[in-house]
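Work through the exercises below with the sequence and model open. Try each task before reading its solution.

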Amino acid sequence: MAYKFDFGAIVPHWQLLFDGVILTTELTVIGAVVGVGLGIMGAWARASRAPVISQIVGVYVELIRNTPFLVQLFFIFFGLPALGVKLTEFQAAVLAMIVNLGAYSTEIIRAGILAIPQGQIEAAQSLAMNRVQIFRYVVILPALKKIWPALSSQIVIVMLGSSVCSQIAAEELTFGANYIQALNFRAFEVYFVVTGLYLVMSILLRMGLKVLGNFLFERRRHV
Amino acid sequence: MSLVELHAIHKSFGELEVLKGIDLSIDEGQVIALIGKSGSGKSTLLRTINGLEVIDDGVIIVDGKKISDRDADLLGLRLQVGMVFQQFNLFPHYTALENVMLSPQVVKKQSKAEAKQIAEEMLAKVGLADKMMHYPDQLSGGQQQRVAIARALAMKPKVLLCDEVTSALDPELVNEVLAVVRQLAEEGMTLVMVTHEMRFAREVCDKLVFMHQGRIHETGDPETVFANPKTPELASFVGGLA
Amino acid sequence: MSEFSLWDIVYNLLLAARWTVLLSLTAFVLGGLVGLLLLMVRTAGNPWVIRLVRGYVELFQGTPLLMQLFIVFFGLPLIGLDVSPWVAATLGLTLFTSAFLTEIWRGCVESIGKGQWEASASLGMNFTQQMRYIVLPQALRIAVPPTVGFSVQVVKGTAVASIIGFVELTKAGTMITNATYEPFTVYGCVAVMYFLICYPLSLFARHLEGKFRHVAR
């Protein structure tokens, strides 16, 4: 073939990729922490006795799960200013990730809560715990433990999905790649390398979540 | 005045009426066994005393206070009435000690040191001082059930409800749990138990309550009930066991 | 400022939505075929083939769909194939879909107990016969709900194809926004249209799940 690959053409621009990796990591960490927090609240609301709140959360979950992340992102970044909500690229990207993960994790965590045996809740009730205490001390940790693998996968999906945030010029990893290929016209090489970076990041993220899970659900053995 | 009074308790599950007007009073220090065939309503009755089943009609009075189905009332009720379940229902993510400490700490707002002291005391009482740092799945069924008893006792309830506490246990583990219950009875704890251990009930209880088709069919002290059942249903129930 | 009425916006989006549907269907069908092929070679194959398929799955599940599309779009011209956004999007989404479906189906096949394989082997069936008559019919039942569920991911995935210039629903949304300066309305409509495509599929998947769970019991 006439084409000669030149991966060296990326080297001068490594700083852009490095910055992109940092920003993607920031987006993912904030998105994951707040998104899962939102999911815990959503799951709590779905399980609550107030049918109106439960239904509102249900609509939120279905709306997000049945529309593309890219469209959610565009709606937040381009659409919300019409309502007077003006966000920076980074804010819009992070908000979109939170809202997206919040919906998925609501469903995932809810499944974990539903898998808690009724006897656990009755035992807590018989010990005079109120609803909040039961949720906090008896339900949420075993529920999260049950669904941790599914939740981890979803967080990885959200991290990978953040690559489309380049479309609103949030300067994450894909944005860096787009920028470099516009400078050196080596699109394939750049995207090939960046794909590799994403692969490494997703493997590391998965490992990190596993370690975090072990830490959260570990037994402090004093035996 | 009785510690717990039940008046005209009615409870249905859908079309099925499980409790058809129950009147029962439980005096301080009394040890009562609810007996009867499965489906007679005895477990449901026990669960209503702890507010785990919401009654359709009737009145529950605990320590002179009428209990409604409001949350605050239910929590107040449960502070006075402890419960031990057939399936133990220990919290799997806490050690035996933490299981016992949890509620005194978060519900009664006791200090950690205080809760720990009571928990250790209760676990020692049920003979598990050496298993405090074990997780539920590291304990035998009998040990788990004894932790569950210690957990209920740590709340210092006025009444302890025991719902078939030995039914889920292997036969060789039944006695260690019954020994603990017997000890509580001897110490003067007010106990209401649903049980199939008739010999145990006969030896330990002050009063037997025989339930049949959602009603209290016959009550009396154990000797009389076993020796001279008044109704044919109780006679056949007692006879079937012998 | 804008001579576009709401109806104009909706009408133009509907036209573009046809491409979303077409791309989804193509990727889903082709991806399903490739996924089935991968499943067969993986189930029958030697350790190296298994490792290869596993690597393929991990590659597609561990990288962004956008990168996959970029590599196809910018990579194929390098080996002399000039591809349109339509071809690149179809190919990229097909590979993406095949990786996910083959993984979903692997789980279903593995859930068929060893006893079924042994029993059919003891009847003298070869691998193809075992698959054809014993394993697949059982696995299919379990596989239908998650497969339908995944179709929602494919539809949503087609939105990413807008970035390589394929004019489907999302891209049309961007173009109309640029003409009307009404992003709130336009992207709102775009979202509603995706929802109208995806939500019935989600409901159907959930319905099947309930139904098959019932049958299994």
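The exercises go from whole chains to a single strand and a single loop residue.

**Conventions.** This is a predicted model: local features need pLDDT of at least 70, side-chain atom pairs count only at pLDDT 80 or more, and totals for chains, interfaces and linings use all residues. Residues are numbered from 1 along each chain as its sequence is written, while chains are lettered from A and ligands numbered from 1 in the order in which they are written.

**Exercise 1. Find which two chains share the most contacts, and describe the chain A side.**

Step 1. Fix the criterion: two residues are in contact if their C-beta atoms, placed from the backbone, lie within 7 Å.
Step 2. Rank the pairs. Of the 2 pairs of chains in contact, A and C share the most contacts. Chains B and C have no contact; their closest C-alpha atoms are 23 Å apart.
Step 3. Count residues. Chain A puts 31 residues in contact with 31 residues of chain C.
Step 4. Assign them to helices. Here helices (H or I, at least four residues) and strands (E, at least two) are DSSP runs, numbered from the N terminus. In chain A, α2 (51-65), α3 (69-79), α6 and α8 (187-217) each supply at least two residues to the side that touches chain C. α8(A) gives the most, with 10 residues.
Step 5. Classify. This side has 20 nonpolar, 9 polar and 2 charged residues. Ala, Val, Leu, Ile, Met, Phe, Trp, Tyr, Cys and Pro count as nonpolar, Asp, Glu, Lys and Arg as charged, and the others, Gly among them, as polar.

**Exercise 2. Determine which helix of chain A gives the most to the side that touches chain B.**

Step 1. Count: 18 residues of chain A are in contact with 22 residues of chain B.
Step 2. Identify the contributors. α5 and α6 of chain A each supply at least two residues. α5(A) gives the most, with 6 residues.
Step 3. Check burial in α5(A), residues 118-126. A123(A), A124(A), Q125(A) and S126(A) are buried. Buried means 20 or more other C-beta atoms within 10 Å of the residue's own, exposed 12 or fewer, and partly exposed in between, with C-beta atoms placed from the backbone.
Step 4. Find the packing partners. The buried residues of α5(A) pack against α6 (131-161) of chain A, together with α2 (71-80) and β6 (81-84) of chain B.

**Exercise 3. Place strand β7 of chain B: is it enclosed or open?**

Step 1. Test burial. In β7(B), residues 159-163, 5 of the 5 residues are buried, so the strand is largely enclosed by the rest of the structure.
Step 2. Split the directions. V159(B), L161(B) and D163(B) point one way, L160(B) and C162(B) the other.
Step 3. Find the neighbours. Strands pair if DSSP finds at least two bridges between them. β6(B) and β7(B) pair in the parallel sense over 4 bridges. V84(B) stands opposite C162(B). β7(B) also runs parallel to β8(B), residues 190-194, with 5 bridges. V159(B) stands opposite T190(B).
Step 4. Trace the connection. The chain crosses from β7(B) through α6(B), residues 171-186, to β8(B) in a right-handed β-α-β crossover. Right-handed means that, with the strands pointing away from the viewer, the path from the first strand over the helix to the second runs clockwise.

**Exercise 4. Classify D137(B): buried or exposed?**

Step 1. Locate D137(B): the loop between α4 (112-125) and α5 (141-153) of chain B.
Step 2. Count neighbours. D137(B) has 9 other C-beta atoms within 10 Å, so the residue is exposed.
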